[in-house]
Structure formats: structure tokens, C-alpha cells
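Colleague: I would like to go through this chain step by step. Please explain the reasoning each time, and finish with the answer.

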Amino acid sequence: MSDGESTMPAPRKRPSFGLPGPTTPAPGADPQPGAPAHDPYGQAPQQGYGQASYGTSFADGPQTGPLPPSALAASHTGGPSAPGPGRSGRSGRRRGVLPLVIGLVLLLVIAPAATIVGIVWALGSLVGDASEGPTPMEASSATLELSANEMVIVYVPAADAATAECTAEGSDPGAVTTVPSSTATTFGNGEEYVQVLGVASLQDTTATISCTGTDAPAHLGPYSLFGMMAPLVIGPIIGVVAGLAGLVLTIVGIVLLVRSRRA
């Protein structure tokens, strides 16, 4: 050891393991903007707000806070979140249209049509005969062959309604039944009559109809009771059922539409 030489050994350079050495700015000089900062021990540059991390670019800008739920969902699904089961799409808004339309058709079209058709069908034969006028009874009486469940309607001129009396008998006791009436009717030929008696057969029989107090009694028929009553009963029943079903479907359709719009 010679005089003037230091006895302290020279410090060894710390290995950097393949990393670039530290770049220390000159004393008193400001660091350059955007330059990476190194620690004095050769560590990798620390990421800052102006640097990219994990595949992001500088153009993306810094993330200053937590991501919103919509962005998190989009990052997992690859796009904006689709409407869930609780959300109503365009198809949900039309859920009540079909029952509403069917209900209105049943309520406003089918029900009235069924009732009207039943009445017209039941009275179709009567309408045809009424336009021509009743059949006159010679000598104020008539003998008619009636099958079971057939009906004859007896009329007298309106001028004789106060004094006329009509009766009906079958070939067997109890074979016919009568229903008195006093309904005024004007036929298609302009003649005015009053319906005074309805005669219905309970079995096949020969009915004898006689009238007193008038010189010009007349009758319509015979007509089938089932042919007249069945459409007269079935038509209104179908109309009532169709109307109730239409009302229910209309209410259901309105409720579905309201719920869809609120959703």
C-alpha cells in the first residue's frame, strides 16, 4: 500500500440482470416529459397515468375510477347487454292484440249475428206465409192432418175479433193442445187479422178447427215445433255464449296491452 492511495475497496457495480441501466438526470435538471422513471437499482420503469398497461394504448386515456356496470357487462359479453327476461321487447307490446281482436269480433259480430240468424231461421217459414196471407177456412172450420209436434195458428179478421171464438179437437182425446192469443197482425196483402188460437199436436192426429162469430177465419201452418223452436233457442244461446267469451277475451287483451306498455 502506497501513500496517497485509499485503503477502501472500489464499490462493485450491482447486476441489472439484462435490464437497462439507470438513467440519472443531471443534478438540477428537470425530468423530460413522458420519460420513464427508473429507480436507482435498475428496476423496470413504473407505469403511470400517461403510460399504457396490459394491452391498452395511450389513446384510450387514463382510467380515473371504477367501470360502470354496463361497461363491465359489455366487457364480459363482447357488446352491449341484451334485454333480459324482465324487459319487454317489441314483441311483448303486442301480446294483447290477438285476444283483444278476437274478443271484439265475438262480442260485436258473432253474438248479434247468431241471435239474428236464429230468429230469422225460426220464423223463416212464417215470414214467407205471412207475405201471402193466411189460408181461409171454408164454412168457418178446417180439418188438418197433423204429425206429432206440429203447430197451426188460427186468425180471424180484425173486425170480428171481439165476437169470434175458435176451438180445436184431435181424433183422440188429448192429442192436441191449444193456446189462446190476441195478437194483431197485418199480412203482406194488406189484410188485418188477429191471432186468436194456437194449436199444437202431441201425436199424429187429425185436428178439427171450428170458429164461431166470424165468417172468414183463416190459419197458417202446419209448422214443425222443433223446426221453429230449436233455432229460436239455439241462436240466442250461441249469441250469449259468444258474447261472454268475447267480453272475457276483450278484458284479457286490454290487461295484457296495459302491462306490456308499462313494462
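Modeller: Two strands count as paired if DSSP finds at least two bridges between them. This is a predicted model, and that cut-off is applied to its strands below.

Colleague: How many bridges join E4 to strand E7?

Modeller: E7 covers residues 205–212, and Thr212 in E7 is the bridge partner of Glu165. The two strands run antiparallel. The number of bridges that join E4 to E7 is five.

Colleague: In what order do the strands of the open sheet of three strands stand?

Modeller: Strand E2 (141–146) and strand E4 (165–169) are at the edges, each with a single partner strand, so one side of each lacks a neighbour in the sheet. Direction ignored, neighbouring strands of this sheet are turned by 20° against each other on average. The pairing is antiparallel, and the order is E2-E7-E4.

Colleague: What are the elements of the whole protein chain, from the N terminus on?

Modeller: The secondary structure comes to three helices and eight strands. From the N terminus on, the elements run α-α-β-β-β-β-β-β-β-β-α.

Colleague: Is strand E6 largely enclosed by the rest of the structure or largely open, and how many of its residues are buried?

Modeller: A residue is called buried when its relative accessible area is under 20%. Strand E6 spans residues 192–201 and has ten residues. It is largely enclosed by the rest of the structure, because the number of buried residues is nine.

Colleague: Which residue in E6 stands opposite Met151?

Modeller: Strand E3 (residues 150–157) is joined to E6 by seven bridges, and the two run antiparallel. Strand E5 (residues 176–186) is also antiparallel to E6, with nine bridges between them. On the E5 side, Thr185 stands opposite Tyr193. Opposite Met151 stands Ala200.

Colleague: Which residue in the turn between E5 and E6 has a positive phi?

Modeller: E5 and E6 form a hairpin, and five residues lie between them. The phi in question is about 90°, and the residue is Gly190.

Colleague: Is Glu191 buried, exposed or partly exposed?

Modeller: Glu191 is found in the loop between E5 and E6. Leaving aside neighbours within four places in sequence, Glu191 is in contact with Thr185 and Thr186, and its side chain makes a polar contact of 3.2 Å with that of Tyr193. Buried means under 20% relative accessible area and exposed means over 50%. Glu191 has 37%, so Glu191 is partly exposed.

Colleague: What distance separates the C-alpha atoms of Glu191 and Ala158?

Modeller: Along the chain, Glu191 and Ala158 are 33 residues apart. In space, their C-alpha atoms are separated by 8.8 Å.

Colleague: What is the relative accessible area of His219?

Modeller: His219 lies in strand E8 (residues 218–224). Beyond its neighbours within four places in sequence, the contacts of His219 include Pro134, Leu144 and Val152. His219 is buried, and its relative accessible area is 6%.

Colleague: How far apart are the end C-alpha atoms of helix H3?

Modeller: Helix H3 (residues 225–262) has 38 residues. At 1.5 Å a residue, H3 should span 56 Å. Buried residues in H3 include Met228, Gly239 and Leu257. The model agrees with the expected span, as the end C-alpha atoms of H3 are apart by 56 Å.

Colleague: What share of the residues in the protein chain is buried?

Modeller: The protein chain exposes about 18300 Å², and carbon and sulfur atoms supply 61% of that area. Of the 263 residues in the chain, the buried share is 24%.

Conventions. Residues numbered from 1 in each chain as written. Predicted model: local features only at pLDDT ≥ 70, side-chain atom pairs only at ≥ 80, totals over all residues. Heavy atoms only, no water. Helix = DSSP H or I, 4+ residues; strand = E, 2+ residues; numbered from the N terminus. Expected span 1.5 Å × (residues − 1). Buried < 20%, exposed > 50% of the residue type's maximum accessible area, 1.4 Å probe, protein only. Areas by Shrake-Rupley, 256 points an atom, 1.4 Å probe, with all protein chains shown as cover. Contact = heavy atoms within 4.5 Å. Polar contact = N/O pair within 3.5 Å; in protein donor to acceptor, adjacent residues only side chain to side chain. Axes fitted to C-alpha atoms, helices over the stretch in contact; angles between N-to-C directions.
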